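Morning, everyone. I have one structure to walk through today, from the inside out. Please have a look at it before I start.

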Amino acid sequence: MTQVLCVAGARPNFMKIAPVMAALAETGIAAQLLHTGQHYDAAMSDSFFADLGIPRPDHHLEVGSGSHAVQTAEVMKRFEPVLESVQPQAVLVVGDVNSTIACALVAAKRGVRVIHVEAGLRSYDRSMPEEINRVLTDQISDLLFTTERSALANLRREGVDPARVEFVGNVMIDTLHRNLEQAVPSVRTLGATLPQYAVLTLHRPSNVDDAPTLAALLDVVGEINRTLPVVMPLHPRTRGNIEKFGFTAKLDGLHILPPVGYLEMLGLMRDAKLVLTDSGGIQEETTALGVPCLTLRENTERPITLAEGTNTLVGPHPEAIRRAFAEVMAGGGKAGRIPEYWDGRAAMRIAYKLKDWLPMPKGVHALSGTRIV
């Protein structure tokens with residue numbers, strides 16, 4: 001009998017689901033893995049499964065790309081028959097992508113309990129599709145696991161019963177701890193030795209879909225590159241827009257890479273002097289690594305990386321980016337500290353909680369845990 005059906009769909013999910021699947025197996029909780037196929041490119045999906053040792057999915061929906069509405073609807077349509085066939089005791093979703101809300105909605109409407117890992121994070125920016133996904137998933141979840149204590153206050157304000165909330169720490173940091181020794185040295189990924197360099201990742205629509213914003217960001221990055229070499233794994237969406245807007249020349253001099261696997265990216269971040277990003281997960285990973293991070297967004301749903309970590313919010317504003325970059329070069333940037341429960345044990349805390357929370361499978365004695373013959 002499958003007790004938990006775990007859902008992953010996009011690259012940010014894979015780093016979160018890997019330690020959860022391992023912890024469920026270690027504690028004897030019967031689980032299956034479903035991949036929605038929201039990220040379908042092998043460079044952004046298959047390599048992560050291989051790098052992280054995630055078991056081959058039991059189910060693959062092969063949804064592919066589309067608008068938010070189309071993608072969410074397609075996941076729901078394809079997920080429902082699987083849910084009906086598997087009949088798990090609970091569905092576990094992670095993060096805030098379209099697959100998260102789609103599968104949570106289907107499960108809730110069919111009376112299957114929903115578990116949300118990484119609950120309660122808020123940017124308070126409803127123009128971000130991820131924010132809508134976070135808020136709605138939390139409202140229909142039966143058990144909510146949080147990465148930082150401030151998330152409980154967010155959930156309380158939205159009327160979520162604190163009895164449904166459990167602070168366990170950050171499963172993405174579990175994955176980082178588990179894989180840091182296997183991280184690919186930056187010299188191998190780059191094919192060259194750079195004594196010091198910065199890493200840049202850009203993919204959010206607010207930064208890459210608007211031509212003036214993208215132009216300004218690439219221009220200031222070009223300035224930084226004259227002082228500190230900039231390494232940029234280029235997201236397919238970003239590459240497409242750079243070509244569409246005629247900005248290819250703005251990449252001249254940068255160290256451009258194709259999308260890289262998890263172990264390559266981990267090595268690049270670990271060895272970097274500075275990271276510039278609009279990714280949520282990278283804000284957390286740089287804090288865990290102690291590497292200064294400049295976040296190219298107006299807000300963040302991960303405030304602990306600002307309050308306790310190495311993250312500085314600069315937005316897509318060239319002057320703010322220049323000032324923060326100068327501070328890193330002059331003084332090394334924010335040192336920060338490791339937040340509470342970012343210790344590599346978050347997934348095991350989840351598994352231990354689920355051992356108590358899940359109903360006992362049919363035919364198993366409630367006291368001894370042995371199967372009744």
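Let's begin with the largest nonpolar core. It holds 59 residues, and Ile-17, Leu-92 and Leu-354 touch the most other members. Helix 1, residues 11-26, is the top contributor, giving eight residues to this core. One caveat up front: this is a predicted model.

Take Leu-354. Which residues does Leu-354 touch, leaving out those up to four places away in sequence? The list is Leu-24, Ile-29, Leu-92, Ile-115, Leu-143 and Phe-145. Leu-92 appears in that list, and Leu-92 is also one of the three residues that touch the most other core members.

There is a second core, separate from this one. That one has 29 residues, including Leu-200, Ala-215, Leu-251 and Leu-296.

Next, cysteines. How many disulfides does a search of the whole structure find? Zero. Consider Cys-103. Its closest cysteine sulfur belongs to Cys-6. The two sulfurs are 11 Å apart, and a disulfide needs them within 2.5 Å, so the distance is too far for a bond. Cys-103 is also buried, with a relative accessible area of 0%. Cys-293 is buried too, with a relative accessible area of 0%.

Now, empty space. Why roll a probe over the atoms at all? Because a probe the size of a water molecule shows where empty space is left. Here, the count comes to one cavity of 30 Å³ or more. The volume of the largest cavity is about 40 Å³.

What lines the largest cavity? Ala-18, Pro-19, Leu-52, Thr-175, Arg-178 and Asn-179. Two elements give two or more residues to that lining: helix 1 and helix 7, residues 171-179. Helix 7 has the largest share, three residues. Sorted by class, the lining is three nonpolar, two polar and one charged. So helix 1 turns up twice in this talk: it gives the most to the largest core, and it helps line the largest cavity.

Last topic, the backbone. Most residues other than glycine have a negative phi. Two residues here go the other way.

Gln-87 is not a glycine, yet its phi is positive, about 50°. Where is Gln-87 found? In the loop between helix 3, residues 68-86, and strand 4, residues 90-94. Gln-87 is exposed, with a relative accessible area of 53%.

Tyr-124 also has a positive phi, near 60°. Tyr-124 is in the loop between strand 5, residues 113-119, and helix 5, residues 129-140.

That's my tour. Questions, please.

Definitions and conventions: Residues are numbered from 1 along each chain as its sequence is written. This is a predicted model: local features need pLDDT of at least 70, side-chain atom pairs count only at pLDDT 80 or more; totals for chains, interfaces and linings use all residues. Side-chain values use heavy atoms; hydrogens and water are left out. A nonpolar core is a set of buried Ala, Val, Leu, Ile, Met, Phe, Trp, Tyr and Cys residues joined through side-chain atoms within 4.5 Å. Buried means under 20% relative accessible area, exposed over 50%, partly exposed in between (1.4 Å probe, protein chains only). Helices (H or I, at least four residues) and strands (E, at least two) are DSSP runs, numbered from the N terminus. Contact means heavy atoms within 4.5 Å. On a 1 Å grid over the protein atoms alone, a cavity is a set of points where a 1.4 Å probe fits but cannot get out, and a pocket is an open set with protein on both sides within 12 Å along at least five of seven lines; lining residues have an atom within 4 Å of a point. Grid points are joined across faces, edges and corners, and a volume is the space filled by probe spheres set on the points. Ala, Val, Leu, Ile, Met, Phe, Trp, Tyr, Cys and Pro count as nonpolar, Asp, Glu, Lys and Arg as charged, and the others, Gly among them, as polar.
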